[in-house]
Each structure stands twice: as structure tokens, then as C-alpha cells.
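Colleague: I'm new to this one, so could you take me through a single part of it up close? I'd like to look at the place where the ligand sits and at what lies behind it.

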Amino acid sequence: MTLVDTPATTTGGPALTQERRLVTAIPGPRSQELMNRKAAAVAAGVGHTLPISVVAAGGGVVVDADGNSLIDLGSGIAVTGVGNSAPRVVEAVSAQLGAFTHTCFTVSPYEGYVAVAEKLNELTPGDHEKRSALFNSGAEAVENAIKIARHYTKKQAVVAFDHAYHGRTNLTMGLTAKNIPYKNGFGPFAPEVYRAPLSYPFRDGGLDGREAAARAITMIEKQIGAENLAAIIIEPIQGEGGFIVPAAGFLPALVEWATANGVVFIADEVQTGFARTGAWFASEHEGIVPDVIVTAKGIAGGLPLSAVTGRAEIMDSAMAGGLGGTYAGSPIACAAALATIETYEQDGLVERAKEIGSVLIGRLNALRTADPRIGDVRGRGAMVAIELVDPATGAPDAALTNKVAKFAHEQGVILLTCGTYGNVIRFLPPLTISDELLVEGLGVVAEGLKQA
Ligand SMILES: *Cc1c(COP(=O)(O)O)cnc(C)c1O
């Protein structure tokens with residue numbers, strides 16, 4: 001019997017050869033073929049960052065149908081913290097698939113959902129009594145957090161911040177700050193959503209955290225009134241808005257004001273949660289204890305799952321039947337989440353995120369010293385970004401940002417941009433990436449900056 005040579009591209013996971021390998025241009029012919037089918041079959045509003053056809057992924061690489069192996073500096077968008085097809089996740093999901101696939105938790109419950117809720121209640125900041133509810137997407141969880149806060153406070157107004165991103169459904173579009181591409185032409189948006197100024201140390205003229213919080217609180221008190229305000233929602237580090245780390249003291253001052261004024265403080269940790277920032281949750285860096293915390297992306301190794309976790313009295317205020325959804329907390333996603341959380345714990349991935357952060361911050365700061373177009377290097381753990389500017393004026397340079405990203409893509413590096421002004425390159429590698437691949441990927445970005 002002859003052994004059939006199984007192409008490396010049929011199996012993913014950490015066993016995949018960890019290398020950047022370009023055997024065709026990006027896109028190669030098979031990827032291009034898929035792009036042509038996509039253009040004819042998929043709605044144009046569903047965009048893509050790289051024109052490739054993925055067949056396998058794992059560790060720190062993504063392999064396409066042409067046999068190219070790309071360095072993954074995006075993890076989807078901060079989803080596969082434990083890596084693609086992480087062994088514990090594959091095993092747990094396979095076992096669950098063989099047992100049962102769906103009963104609807106609100107019809108006939110199962111243990112996985114309850115176990116995920118217990119784990120979230122234990123891991124999230126604060127040792128008060130908590131409850132959790134599970135959903136499918138980040139946006140759906142944000143919507144539910146707002147529903148719950150309104151029901152509990154019997155108030156309606158909600159404050160979100162400049163540069164915020166909370167999702168693409170109607171309420172979350174309204175909470176999101178950036179018009180193009182998220183909101184333009186998609187209105188009308190839900191009422192009683194207000195926007196307050198953020199702390200953005202690189203661009204707000206040296207306001208410290210307390211001063212920036214006082215500015216936001218004054219706006220809230222004068223324009224809305226605490227007696228009308230159900231909730232403040234904020235990302236502890238803004239994701240799509242540009243990886244903006246607020247000045248120290250900003251978040252604690254907001255929490256203090258919210259607590260004193262009967263306003264529910266909601267931390268949207270959809271992007272920052274689950275080891276990403278070198279802590280289980282980014283709120284921990286500022287020592288804050290949110291009333292409600294929303295999680296999703298990194299929670300289940302790539303399976304669709306999201307959660308709202310909060311103070312028991314807040315979470316329990318909604319009537320039975322008021323929260324839920326057909327697929328919410330699917331048994332398969334719950335099995336994946338338990339295996340994912342175990343992987344973060346057993347493989348020391350919170351620590352690993354810190355190490356990745358030192359490599360990123362160290363190398364990017366060295367680049368900045370030699371290149372004044374890098375205006376700012378910021379972030380925490382494996383969530384780091386550079387903001388590219390015109391060195392003479394400090395004006396955002398989106399054109400340069402796009403050039404560098406395009407260069408990286410052509411050279412086999414998956415690199416994401418973000419920012420209200422489109423001038424931020426963000427680094428969100430899987431926590432399973434090797435230092436070698438990470439450094440090689442950064443080298444490609446440095447080369448892209450040089451050539452641009
Ligand atoms: C991605 C994201 C969302 C929306 O999550 P979806 O799963 O895409 O609906 C909400 N908030 C933040 C901070 C995010 O990064």
C-alpha cells in the first residue's frame with residue numbers, strides 16, 4: 001500500500017508547521033477563484049481584509065488553499081487567544097457533538113451552560129455575588145447588558161464614549177461612534193443614547209485621568225442627568241476605535257461616580273477579555289470592579305458565544321423569559337468555552353500575553369525612536385498598537401497605514417488596522433504564537449514602514 005501524502009493544509013491546530021511560507025503571490029490562483037465566487041455570491045457589505053481562501057490554521061499561522069502559510073497577528077479579531085483548533089477545544093467539541101447538539105437552554109437545560117456561568121462569576125473582577133447569562137455574539141450581549149441595566153434602574157438613558165465600538169445591530173450601532181463604515185445610511189438609531197468625551201492621552205492635550213473623567217461627568221450631569229441615566233458603557237481599552245488606553249484614574253473616577261449616582265457601570269470587555277491584555281480582564285489593570293461585564297471574542301476558541309456577567313441583584317431583576325434566545329449558550333459553544341478557559345489556565349496564557357506584550361512594546365518603541373511617523377506605541381499585553389502620523393503636524397496618516405498593511409498582507413502577514421482616523425496598526429496575535437514568528441512578523445511591518 002502506498003501512503004497518500006496528506007497535504008499539510010487539511011489539518012490545523014498547533015501541529016501545523018510554524019513558518020511564513022509564500023509559494024504564490026497573495027492572492028494565489030485558488031484564493032483568487034474563491035474571491036471571484038465571493039464577489040458573485042456574497043453581499044458586498046461583507047468585506048474582507050485579506051483576499052485568501054483559508055484551509056487550515058493553528059499556533060501562529062494561517063494556511064491558504066494555494067499552500068501559503070501566513071503569520072497570524074490578528075487571531076480573527078482577538079478571538080483565537082488559545083490558537084486555532086486548540087487540542088482541548090477540539091476534543092471537548094467533538095465529544096459534545098456526539099452527545100447532543102441542541103435542546104435550547106430555556107427549554108431543557110444542560111450542565112455546560114451552568115458551568116460556564118459559574119466560571120465567569122468566579123473569574124470576573126469582584127467577589128460580590130454574581131449571575132451570568134449567555135448569548136451568541138458580542139453585540140447581542142451588549143444589547144442584553146443595556147436591557148438588564150434599564151430594567152434594574154427603571155431608567156432609560158445610556159452613555160457611550162467617543163471612539164467606542166459596541167457592534168453592528170441597531171442599538172449597538174447607535175452606541176458605536178464611527179460613521180463609516182459602521183453607521184452610514186443604516187439609521188435611524190435607537191433613542192436615549194448619548195456620547196461623552198473619552199480620555200485619549202495621545203490626543204487630548206495632557207488631561208490626566210481625573211480631569212478627563214471630570215469633563216465627561218460634567219457633560220453627563222449637564223446634558224442628561226443621573227436621574228435619567230441607566231448605564232455607562234465603556235471598553236476599558238478601546239478596540240476598533242484605536243487601542244486607546246485611557247489615562248490612569250479615568251475609569252476608577254467613572255466607576256465611583258456611577259456607584260454614587262445609581263448608574264450601572266458596564267465594561268465592554270468583548271475584545272479585551274480572557275488573558276488578552278495580560279490579565280484575565282482589562283478592568284483589573286485599573287483596579288475597577290464593573291457592575292456588569294460583557295465578554296465574547298476570546299471566550300470559546302472561535303465558537304460563537306458571548307456573556308453578560310454582573311451583580312446578582314442587577315442580573316436577577318429581569319423576569320423569567322425576558323432573557324435568552326434560541327441558540328444562546330449553545331451546548332457546543334459552552335463545551336468549547338470550558339476547554340478554552342482550561343487552556344488559558346493550564347498553559348499559563350495570561351503570563352504568555354505579558355511576554356508577548358514585552359516583545360511588541362520593546363520592538364515597536366525601538367522602531368518609534370528611529371521613525372517619527374510612529375506617533376504613539378500603546379496597549380497592554382498582547383493587545384498593542386502603533387498610531388501613524390505626519391511627523392510635522394501630528395495629523396493622522398491613514399494612507400501610510402494602509403500602505404504598510406497592504407505590504408504586510410502581500411508578504412504573508414495578517415495585520416489589522418483600526419482607529420477612528422484609520423491610522424492605527426494593531427497587533428493581536430494568538431497567545432500560542434512563537435517569539436520567532438512574532439519577531440518575523442514585526443520585521444515585515446518594519447520593512448513595510450521603510451518602503452512606504
Ligand atoms: C467585536 C466587538 C463587539 C461586537 O462583537 P460581535 O461578536 O462582532 O457582535 C462589541 N464590543 C467590542 C468591544 C468589540 O470589540
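Modeller: Here is a walk from the whole chain to the ligand, and then on to one residue behind it. Keep in mind that this is a predicted model.

Let's start with the overall picture. The protein chain has 13 helices and 15 strands, and its C-alpha trace spans about 70 × 60 × 45 Å along the principal axes. A compact globule of 452 residues would have a radius of gyration near 22 Å, and the protein chain, with 22 Å, agrees with that. Of those 452 residues, 54% count as buried. If you take the contacts with a separation of 6 or more, 74% of them come from residues 24 or more positions apart. On the outside, the protein chain exposes about 18500 Å², and carbon and sulfur atoms supply 54% of that area.

Now to the ligand. Around it you'll find Ser-137, Gly-138 and Ala-139, then Tyr-165, His-166 and Gly-167, and also Glu-235, Asp-268, Val-270, Gln-271 and Lys-297. Sorted by class, this shell has three nonpolar, five polar and three charged residues.

Some of these residues come with distances you can check on screen. Asp-268 has an N or O atom in its side chain 2.7 Å from a nitrogen atom of the ligand. For Tyr-165, look at the backbone instead: one of its polar atoms there is 3.4 Å from a nitrogen atom of the ligand. Gln-271 uses its side chain, where an N or O atom is 2.9 Å from an oxygen atom of the ligand. As for cover, the ligand taken alone exposes 380 Å², and the protein buries 83% of that.

Gln-271 is also our way to the residue behind. Its side chain is joined to that of Arg-426 by a polar contact of 3.0 Å. You'll find Arg-426 in strand β15, which runs over residues 424-427. Is Arg-426 buried or exposed? It counts as buried, because its relative accessibility is 3% and the cut-off for buried is under 20%. The side chain of Arg-426 also reaches the backbone oxygen of Thr-417, at 3.2 Å.

Setting aside neighbours within four places in sequence, Arg-426 has quite a list of contacts, including Leu-73, Ile-77, Gly-239, Glu-240 and Phe-243. Val-384 and Ala-385 are among them too, as are Leu-415, Leu-416 and Cys-418. So if you want one path to trace, go from the ligand's oxygen atom to the side chain of Gln-271, and from there to the side chain of Arg-426.

How values were computed:
Residues numbered from 1 in each chain as written. Predicted model: local features only at pLDDT ≥ 70, side-chain atom pairs only at ≥ 80, totals over all residues. Heavy atoms only, no water. Near = heavy atom within 4 Å. Polar contact = N/O pair within 3.5 Å; in protein donor to acceptor, adjacent residues only side chain to side chain. Areas by Shrake-Rupley, 256 points an atom, 1.4 Å probe, with all protein chains shown as cover. Nonpolar A, V, L, I, M, F, W, Y, C, P; charged D, E, K, R; others polar. Helix = DSSP H or I, 4+ residues; strand = E, 2+ residues; numbered from the N terminus. Rg over C-alpha atoms; globule rule 2.2 N^0.38 Å. Buried < 20%, exposed > 50% of the residue type's maximum accessible area, 1.4 Å probe, protein only. Contact = heavy atoms within 4.5 Å.
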